[in-house]
Amino acid sequence: MKVGDLVWGREHEEFPNGDLQDDIGIVIEVIDHIEVPPVVKVLWSSGAIDKEWTDELEIFRRLK
């Protein structure tokens, strides 16, 4: 996972009402790439910023 990747939680609901849910976020920082799994900081569409384990996230769209 890299800075700029769009992610969502593994428990997301994909397009339940034709729209994306609020659990889409963008990786803004890779905090620790040595730990397994790594930790990233995510800016969620709600405006919240949280630290998340990468194994709890799924890449929605990767930054090229």
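**Figure 1. Five strands form an open sheet with antiparallel pairing, in the order 4-3-2-1-5.** Strand 4, which covers residues 49-53, and strand 5 are the edge strands, and each of them pairs on one side only. From one strand to the next, the twist averages 45°. The model shown in this and the following views is predicted. The protein contains zero helices and five strands, and reading along the sequence gives the pattern β-β-β-β-β. In general, the strands of a sheet pair through backbone hydrogen bonds, in either a parallel or an antiparallel arrangement.

**Figure 2. Surface and contacts of the whole chain.** The protein has 64 residues, of which 25% count as buried. About 4500 Å² of the protein is exposed, and carbon and sulfur atoms supply 50% of that area. Among contacts between residues at least 6 apart in sequence, 39% join residues that are at least 24 apart.

**Figure 3. Strand 1 and strand 2 run antiparallel and are joined by three bridges.** Leu6 has Ile26 of strand 2 as its bridge partner. Strand 1 spans residues 6-9, and strand 2 spans residues 24-32. In a regular strand, side chains alternate between the two faces of the sheet.

**Figure 4. Strand 2 pairs with strand 3 in the antiparallel sense over six bridges.** Strand 3 consists of residues 39-44. Two of the facing positions can be followed in this view. Asp32 stands opposite Val39 of strand 3, and Glu29 stands opposite Lys41 in strand 3.

**Figure 5. The hairpin of strand 3 and strand 4 has four residues between the strands.** The two strands pair in the antiparallel sense, over five bridges. Val42 stands opposite Asp50, which belongs to strand 4. Within this hairpin, Gly47 takes a positive phi near 100°. Strand 4 is one of the edge strands of the sheet and pairs on one side only.

**Figure 6. Trp8 and Phe60 form a tilted aromatic pair.** A search of the whole structure finds one aromatic pair. In this pair, Trp8 and Phe60 lie 4.6 Å apart from centre to centre, with 55° between the planes. The pair links distant parts of the chain, as Trp8 lies in strand 1 and Phe60 in strand 5 (residues 57-61), 52 residues apart. Trp8 counts as buried because its relative accessibility is 5%, under the cut-off of 20%. Phe60, at 25% relative accessibility, counts as partly exposed, because this class lies between 20% and 50%. A further separation involving Trp8 can be traced in this view: the C-alpha atoms of Trp8 and Glu56 are 8.7 Å apart, although 48 residues separate them along the chain.

**Figure 7. Asp5, in the segment before strand 1, is buried and makes a side-chain polar contact.** The relative accessibility of Asp5 is 0%, so this residue counts as buried. The side chain of Asp5 makes a polar contact with the side chain of Arg62, at 3.3 Å. With neighbours within four places in sequence left aside, Asp5 is in contact with Gly25, Ile26 and Val27, and also with Ile59, Arg61, Arg62 and Leu63. Ile26, one of these residues, is also the bridge partner of Leu6 in strand 2.

**Figure 8. Thr54 is placed in the loop between strand 4 and strand 5.** Thr54 counts as buried because its relative accessibility is 14%, and the limit for burial is 20%. Not counting residues up to four places away in sequence, Thr54 touches Met1, Pro37, Pro38 and Val40. Strand 4 and strand 5, between which this loop runs, are the edge strands of the sheet.

Terms used:
Residues numbered from 1 in each chain as written. Predicted model: local features only at pLDDT ≥ 70, side-chain atom pairs only at ≥ 80, totals over all residues. Heavy atoms only, no water. Phe/Tyr/Trp six-rings, centres within 6.5 Å; stacked < 30°, edge-to-face > 60°. Buried < 20%, exposed > 50% of the residue type's maximum accessible area, 1.4 Å probe, protein only. Contact = heavy atoms within 4.5 Å. Areas by Shrake-Rupley, 256 points an atom, 1.4 Å probe, with all protein chains shown as cover. Polar contact = N/O pair within 3.5 Å; in protein donor to acceptor, adjacent residues only side chain to side chain. Pairing = 2+ DSSP bridges. Axes fitted to C-alpha atoms, helices over the stretch in contact; angles between N-to-C directions.
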